[in-house]
Amino acid sequence: MSRWPYQRINDPAVTEHAKVSAIKVFGQDGLYDLLPSMGGEDFCHFLSKKPGCFGFLKVRNEACEAVYGRHHSAYTVDENALALGVMLFAQLL
């Protein structure tokens, strides 16, 4: 049995840039380190071509009933978080 040739490993320099950018947008309290996961497994194909990093944008918010997981039929997001995601992306450029 052969091993999967791709791995989702964040580039250290890109990750540091993303952390600095995220702190500018969300503040220090808005940045979390997460345990490794298989989420975004297709992203490894991008990382096999260019350095990058994978992260999550918190879109859960009980106040607007955005409480269900991505694969639930009632899934929705806190749309206010999307503007913050755009601000983060602009910082990354």
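A surface patch is made of residues with over 30% relative accessible area and no salt bridge, in which like charges are joined within 9 Å and nonpolar side chains (Val, Leu, Ile, Met, Phe, Trp, Tyr) within 5 Å. The structure is a predicted model, in which local features need pLDDT of at least 70 and side-chain atom pairs count only at pLDDT 80 or more, while totals for chains, interfaces and linings use all residues. Residues are numbered from 1 along each chain as its sequence is written, and side-chain values use heavy atoms, with hydrogens and water left out.

**Nonpolar patch**

L57, L82, L84 and M87 make a nonpolar patch of about 320 Å² on the surface; accessible areas come from the Shrake-Rupley method with a 1.4 Å probe, and for residues only the protein chains shown count as cover. Of these residues, L82 belongs to helix α3 (residues 79-92); helices (H or I, at least four residues) are DSSP runs numbered from the N terminus. L82 is partly exposed, because its relative accessibility is 42% (buried means under 20%, exposed over 50%, partly exposed in between).

**Salt bridges**

A salt bridge requires a side-chain nitrogen of Lys or Arg within 4 Å of a carboxyl oxygen of Asp or Glu. The model has two salt bridges by this rule.

| Salt bridge | Closest N and O atoms |
|---|---|
| D33 with K19 | 3.9 Å |
| E62 with R60 | 3.7 Å |

D33 lies in the loop between α1 (12-26) and α2 (43-47), and K19 in helix α1, so their pairing ties together parts that are 14 residues apart in sequence. D33 is exposed at 68% relative accessible area, whereas K19 is partly exposed at 31%. In the other pair, E62 is exposed at 61% and R60 is partly exposed at 44%.

Notes:
Helices (H or I, at least four residues) and strands (E, at least two) are DSSP runs, numbered from the N terminus. Buried means under 20% relative accessible area, exposed over 50%, partly exposed in between (1.4 Å probe, protein chains only).
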